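Colleague: I should be grateful for a close look at a single part of this model, namely one helix-helix crossing, together with the packing that surrounds it. Please treat the matter as one connected account.

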Amino acid sequence: MAEGLNSKTMGIQAAENSDKEIKKFQTFFNRLLSGPKPLAKLFRTDQSGYLYDTGTNKIIRCDEPIFQLLENLLSMEEEQAVADFLANHDRETFLYAAGTIKNAIETENILSLKQALPFGISKHCPNYEELIDSSLEIMVLEITESCPMRCAYCVYNEDFKGKRNHGTNHMSLSTAYRAIDYLHQHSFKRDKVAISLYGGEPTLQFPLIQSCVSYANSLLKGKQIDLTITTNGILLTPEMAEFFCKHDFNVYVSIDGPEEINDSYRVDAKGGGSFQRAVQGLKYLVDAYGKLSNEKVGFSMVYTPPFSGKRIDRIAELWDELPWIPGGTNLNITYPTPGTILAEKVLKESLEEDKNLQLWSYERYRDKYTGKDESHPIADAIMEKAMAQLMQRPIFSEPLDQKFLNGCCIPGVRRVFVTADGRFRLCEKISSDAPLIGNINDGIDMDVIKKLYLGEYESMCAPVCSRCWAVNLCNSCFTEAFQDGRLDPKYMTNRCYNTKKTQERYLEYYCSLREYKPEGLNYLYKLKLS
Amino acid sequence: MKSRERKNNGLGKGMELIRDGIELTGKIKGGRRCVCSPGGWSMGNQLGGCACGCFGPSSAEDNNKANFGIANPEV
């Protein structure tokens, strides 16, 4: 009888102790997690649950009960989170999970960032004016507005509102020289600069290109000059190819896939396909560059509807049909720009279809990673860049006291896009009705940069981005913020949704690959990102 | 201590810190996200070193050197 009482008393005592422990954890979580929730993302692979912590950039694998308690803590009021967990698990499991989480918070400084502030370029880079004056990196020249092609998804088509229409203006020699003068005068703190030739179709003005290269080489003597040209390839001649090779150009040729896919969108003004001519141009380049083709000749591809895994497989067959074309990592594949003729279809389907391109690339890359299949240029180009961005991210022992303006560059430092008539735009991607940032006569308009591109843009983004778990992984920038010539928060936040979903999937793929072979992605530490 | 070789820092067996990234331990000195190169914490692609003072490979090295007298061993 006495024994029975003792054991009952001990049971009560144990329950009381356990209650006290639970209470202690409750108090700890209340203190730490009350108010806005910390910036973090929970995600799963097939094998495990993970926590990505925004403040430290750390990724932590979690056992199931720990993951579930974290899920509760990050989505419910603390008391409810604990009560809900205890309704589905025993006390011992709670104490184990809560103790492990508390320990992780205390030793790894995770879950301590609730708001990424102060936020913005002007906050953490107060010397931006000096950088604009001294450290310009890339000058992009719109050699001509003219183009013999009329691709169905082109941003210069009349039915697309965000850009100029197809034009006939060519850049004059004096405009080109003055633009290069500007680069010279505003890159004195750099040893290396880049000049990128853009259009329309820049090869229409080949003599101007030759003059620009000659002028830049003489003016920027002593600096390394990286030259790049983006072309549709259809006007290329062996002489042009030799010239580009001689001057070590990086050449990007626009081809969307095998002939029937390419020619369904990439047509000339008469509606004729361009594939055969573009491939001929590409052949001239490969012949001229020889072994350097893999490194210096790349593709600019647009993934066109109807979107499907089958279509991607067909696009990927380009490399089987033309085995002499370069592989390598110089491949850029994108969806058509939202707002072109495919706008509604693309916007409606982009999330799901993005998964297709992403998922297709992941599956192909994973098969290579696990030794089941060979590598593929498209899968490698997409996955290696995404995985390298995660692999190379800095890990902080504690959250920094400042955060950064999503994926934006400093206007006027990273690049300046010079239109055919000598006006300065932020870059070649930004909407044509977004305010100009200067011109070749007056240089950069510091007021517009301060007021609009830093001030107003930061004010628009700060409330959203400073509370976003993906703020350290985001690649959105000014190009996704302008609609009809103005900053448009709604337009931006629509894009945010896709960005976050994309990053979440990449985190999942990244951890899945590492589960199979933890060190298998280490080679990506050395991949150069651009 | 080599930053990327550190232990699981006493995390319980139910949690495992993924050993990746470029770990910056100690007090962060002047580093920040690269704003010259859109799209992230780009490493190694900065022409002539990064103007914005972000963590390019050299500044990550410098930071760890300053704190621990070592450079990132595997980068």
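Modeller: In this predicted model, helix 9 and helix 11 of chain A form a right-handed crossing. Helix 9 spans residues 238-246 and helix 11 spans residues 275-289; their axes come within 8 Å and cross at roughly 45 degrees. Because of that angle, helix 9 of chain A counts as oblique to helix 11 of chain A.

On the side of helix 9, the contact is made by Pro238(A), Ala241(A), Glu242(A), Phe244(A) and Cys245(A), which meet Tyr284(A), Leu285(A), Ala288(A) and Tyr289(A) of helix 11. By class, the residues of this contact comprise 8 nonpolar, no polar and 1 charged.

Phe244(A) leads from the crossing to the interior of the chain. Together with Leu141(A), Phe249(A), Ile378(A) and Met387(A), Phe244(A) touches the most other members of the largest nonpolar core, a set of 136 residues. Helix 16 of chain A, residues 377-391, supplies the largest share of this core, with 10 residues. A second core, separate from that one, has 31 residues, among them Ala40(A), Cys62(A), Leu74(A) and Phe94(A).

Two of the residues named for the largest core, Met387(A) and Ile378(A), can be followed further. Once neighbours within four places in sequence are set aside, Met387(A) is in contact with three tyrosines, Tyr506(A), Tyr509(A) and Tyr510(A), and with Leu513(A) and Leu524(A).

Ile378(A), for its part, is in contact with Ile333(A), a residue of strand 9 (residues 331-334) of chain A. The C-alpha atoms of Ile333(A) and Ile378(A) are separated by 7.7 Å, although the two residues lie 45 residues apart along the chain. With its neighbours within four places in sequence again left aside, Ile333(A) also contacts Met301(A), Tyr303(A), Leu357(A) and Ile382(A). Ile333(A) has a relative accessibility of 14% and therefore counts as buried, the limit being under 20%.

The setting of these details is chain A as a whole. Chain A contains 18 helices and 16 strands, and its C-alpha atoms fill a box of roughly 105 × 55 × 45 Å along the principal axes. Of its 530 residues, 57% count as buried. Among contacts in chain A with a separation of 6 or more, 75% are between residues 24 or more positions apart.

Terms used. Residues numbered from 1 in each chain as written. Chains lettered and ligands numbered in written order. Predicted model: local features only at pLDDT ≥ 70, side-chain atom pairs only at ≥ 80, totals over all residues. Heavy atoms only, no water. Core = buried A, V, L, I, M, F, W, Y, C linked by side-chain atoms within 4.5 Å. Buried < 20%, exposed > 50% of the residue type's maximum accessible area, 1.4 Å probe, protein only. Helix = DSSP H or I, 4+ residues; strand = E, 2+ residues; numbered from the N terminus. Contact = heavy atoms within 4.5 Å. Axes fitted to C-alpha atoms, helices over the stretch in contact; angles between N-to-C directions. Parallel < 35°, antiparallel > 145°, perpendicular 65-115°, else oblique. Left-handed = near helix turned anticlockwise from the far one by under 90°. Nonpolar A, V, L, I, M, F, W, Y, C, P; charged D, E, K, R; others polar.
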